[in-house]
Protein chains: 2
Amino acid sequence: MIIAAPRLPRPSEAALHRVRQTLAARIGPSRILDGDGVSAFGHDESEVAGVLPDFVVLAESEAHVAATLEIAQAEGVPVTPRAGGTGRTGGAIPVGGGVVVATAGLARIKEIDRANMVAVVEPGVVTRAFHDAVEAEGLFYPPDPNSLHNCMLGGNVANNAGGPRALKYGVTGDYVLGLRAVFMGGRTMFVGRRTPKGVTGYDLTSLLVGSEGTLGVLTELTLRLRPKPPVVRTLLGLFDSVHACGAAVTALFHAGHVPRALELMDEGSLEAVRNQGAAVDPRARALLLLELDGHERAVEEAVDHVGNLLHGAAGSLEVLAAQDASQRDRLWDARRALSPATKKLARFKLSEDVVVPRSRIADLLREVDAISEATGVRTLTYGHAGDGNLHVNFLWNDPSERERVDSAILALMRSTVSLGGTLSGEHGIGVTKAAYLPLEHTPELVALQEDLKRTFDPKGLLNPGKIFPSRGHGSC
Amino acid sequence: MIIAAPRLPRPSEAALHRVRQTLAARIGPSRILDGDGVSAFGHDESEVAGVLPDFVVLAESEAHVAATLEIAQAEGVPVTPRAGGTGRTGGAIPVGGGVVVATAGLARIKEIDRANMVAVVEPGVVTRAFHDAVEAEGLFYPPDPNSLHNCMLGGNVANNAGGPRALKYGVTGDYVLGLRAVFMGGRTMFVGRRTPKGVTGYDLTSLLVGSEGTLGVLTELTLRLRPKPPVVRTLLGLFDSVHACGAAVTALFHAGHVPRALELMDEGSLEAVRNQGAAVDPRARALLLLELDGHERAVEEAVDHVGNLLHGAAGSLEVLAAQDASQRDRLWDARRALSPATKKLARFKLSEDVVVPRSRIADLLREVDAISEATGVRTLTYGHAGDGNLHVNFLWNDPSERERVDSAILALMRSTVSLGGTLSGEHGIGVTKAAYLPLEHTPELVALQEDLKRTFDPKGLLNPGKIFPSRGHGSC
């Protein structure tokens, strides 16, 4: 683990003991896990050093969550919510110790309402299982974070997760109509609605979406669905440089196309894919993976048009179309395997998740080259090019390089902001990006968010140490 | 005017005098309007009795707005923001007196960025003028509230305005990437971003969208645009009952169609349209106005399919297709004229804006019939059937009927909530619906929203008397 967790004051043993005893009496001792059992709850899929919780509540109902937040609040003990634990920024790590409240046991799909295209689910439902359930009803839930086989809807909502299909269909937050949440102290409420439109009161739903478990713990989600697109076609465009890819993205949008996904891989990414055994034309030094969906005739027309455009103006070396579902799955498996595959290229890896306006992708790619050259740190870039959301990976082998890596990341963040972009497209801020927040947010904006945090959680006990730069840490 | 404004304590003459003097010195006396000049700033397009402000600030820059909120805060004087003044719930009425800060003078389209499909505008830009400007660039800004010829983007964002095209494209809030706002005391900041994706910090943009000018005054909007759909086709389906219309809406969605607009008119609405001189087949007692857009072949295919479906299973009396843009404009002019036209049918009218899940439209229409029968109050219903968002109008001539009207509206609100709906789809809560808020929101949810309001505006000076039920008023 290569990023230190912030050091926060730990709760007292006496307070922890009282919370444990009172909770055991309220929700039953079998729902409390401690000792060796907690070891799986101290880390996530980020590079942040793990911190073990003092104990874990295996919640199976909203009442269990509410009891936890009521009793912990009374004793001043921190609580860290956790769904699938697949986050990339340390958001689920209990950096202040105390209690982890695990909502994986709240895993029911309560309702799929076909007529209104609405589902009501619990936070522990695995995203891919939900896809399957709604598609069996002829419906479609677009958000598809890379970890969809393991991540859970509660974590997706808490982090406003994205994925390739966000390009056409928007991110998780665009599908959340309402939710039930428990706040510190145990207050429980439904916010939002289950209708497509509604402007009754403040939009608390959107405030809770993406708040990374720092404002409330989600216990039920009311999600909007869509009709399942009848036809999907997948294309692969090979290029001799990543810069040609960037130009092709611009050309596609100028021509009025909105693919449902438009993924970019640079030379290093292709190397990682080839290392996994994928046979990619050796001339290719970058590729675009592109998906179009809709009604049959419109999609066929778009596939022809996009194919011609890539071959022609965009200068693609070769354009391949997936001939069937299994070819399509193989292309996506290669894309989804990229994040683990890049880990094998070097001893250490840090992955960023910046976004720039689409027209600035080529500029960002040039900045990444310049940063890599100036610092001597190897980079590898892939991601959701259509959204301007790129995963820039920094790779190194010798621990002594770490200082240069940090300055490379800082330079990337500065470039991103100066290109009109934002620090994170879909991973959130968590622990790993908190120090960079002041690059994008003014002190007044950070202070306003901290005021809002205090409105929900005056003692700062819910998921402490996340999003906001630690006091005394200084800004970068 | 048939709804009383809430009575709030008025600011002292001395405080008003000091605010006026200090402001005149800071922003220039010519930007302050008082005396007879304020008469146009005391009402909106609702049925709420007007209240005159003590004076009006004609802001032409963000600095003017900030100076107003700084000086008013220091003296404890209320401030009510106003853009186009076309709201339907009294939101722009300065019910506590004090200052109206008018942002109509902030009316620049600062930027239309074609490559990234983003625009940056000021709040005083008229919605229709913005449509024209972006369409001239081959782009598209979908939100189309009925008042689009007069309303302004600042008011649209403050109220999260909808319109017919919300069915396919979503409401105003779905197009707001970021904004600049001034808070009480004069703090000014940008929140949000200009990229399509971004999860850096809390979603304050969505919190401010639809907050009805109670949290901050908007001074700049960063809006997302879309490619302009190349082809639009408009259909009219005539039915012998409004219930047949409701069933047709369900059938259309079951068949997988997502029209860009799907508007319903009941018998009373048709009468209002016929009174305006429109020749509508005399057999028709209800109609659906339906619009499809996209690429040519796909749209033609959908028009054929929808036409057959309306004729066949849905039992339409007749289906008409607009043959050209001028026929199309005439159909929409008739739709847009409905709200003023219904005013001529009786001396008094109150219009509600409820939403139910789409599958419950038929149930809601039956409830409206039952309420009308039980109370003897005439009703007339039209609206955005595809969204389940219906404008239910109550019409009467004799002031003595008023009590029955109030009980009919209360019954409608109760029915809406019990059908899983929400009090307002696009007009907001403002003054007119504040008393009904407790039917939908629990006391805890109202209290949480009031806590958030205090975080932005601890003295309760910004647009007071809106959204939340007045103290001592009791709930219904």
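Okay, let's start with a helix. Helix α1 of chain B, residues 13–27, lies across β1, β2 and β4 of chain B, and it runs at about 20° to β2(B). Then there's helix α2 of chain B, residues 62–75, which packs on the sheet too, touching β2, β3 and β4 of chain B. The direction of α2(B) makes about 165° with that of β4(B). Before I go on, keep in mind that this is a predicted model.

So what's the sheet under those helices? In chain B, four strands form an open sheet, in the order β1-β2-β4-β3, and the pairing is mixed. At the edges you've got β1 (32–33) and β3 (79–82) of chain B, each pairing on one side only. As a reminder, strands of a sheet pair through backbone hydrogen bonds, either parallel or antiparallel. Look at β2 of chain B, residues 55–58, and β4 of chain B, residues 99–102: these two run parallel, and four bridges join them. If you want a spot to click on, B:Val56 stands opposite B:Val100 in β4(B).

Next, the other sheet I want to show. Chain B also has an open sheet of five strands, ordered β5-β6-β10-β8-β9, with antiparallel pairing. Here the edge strands are β5 (109–113) and β9 of chain B, and each pairs on one side only. From one strand to the next the twist averages 10°. Now take β8 of chain B, residues 176–182, and β10 of chain B, residues 217–224: they run antiparallel and are joined by six bridges. In that pair, B:Ala181 stands opposite B:Leu218 of β10(B). This sheet has a helix on it as well: α3 of chain B, residues 127–135, touches β5, β6 (118–121) and β10 of chain B, with its direction at about 35° to that of β5(B).

On to charges. Over all chains, the count comes to 68 salt bridges. One of them joins the side chains of B:Asp144 and B:Arg165, at 3.6 Å, N to O. Why pick that one? B:Asp144 sits in the loop between β7 (139–140) and α4 (153–159) of chain B, and B:Arg165 in the loop between α4 and α5 (166–169) of chain B, so the pair ties together parts that are 21 residues apart in sequence.

Last stop, the interface. How many residues of chain B are in contact with chain A? It's 74, and they meet 74 residues of chain A. The two chains bury about 5800 Å² between them, with 63% of that on carbon and sulfur atoms. Three residues to highlight are B:Lys197, B:Val199 and B:Tyr202: they supply 17% of the area that chain B buries against chain A, more than any other three residues.

There's polar stuff here too. Six salt bridges turn up across the interface of chain B and chain A, and 19 residue pairs are in polar contact between the chains. Which elements of chain B give two or more residues to the side touching chain A? That would be β9 (188–192), α6 (204–208), α7 (242–254), α9 (296–311), α14 (437–440) and α15 (443–456) of chain B. The largest share, nine residues, comes from α15(B). By type, the residues on that side of chain B divide into 30 nonpolar, 29 polar and 15 charged. And for a cross-chain pair to zoom in on, try B:Asp387 and A:Lys197, whose side chains meet in a salt bridge at 3.8 Å, N to O.

Technical notes: Residues numbered from 1 in each chain as written. Chains lettered and ligands numbered in written order. Predicted model: local features only at pLDDT ≥ 70, side-chain atom pairs only at ≥ 80, totals over all residues. Heavy atoms only, no water. Contact = heavy atoms within 4.5 Å. Buried area = accessible area lost by both parts, 1.4 Å probe. Salt bridge = Lys/Arg side-chain N within 4 Å of Asp/Glu carboxyl O. Polar contact = N/O pair within 3.5 Å; in protein donor to acceptor, adjacent residues only side chain to side chain. Nonpolar A, V, L, I, M, F, W, Y, C, P; charged D, E, K, R; others polar. Pairing = 2+ DSSP bridges. Axes fitted to C-alpha atoms, helices over the stretch in contact; angles between N-to-C directions.
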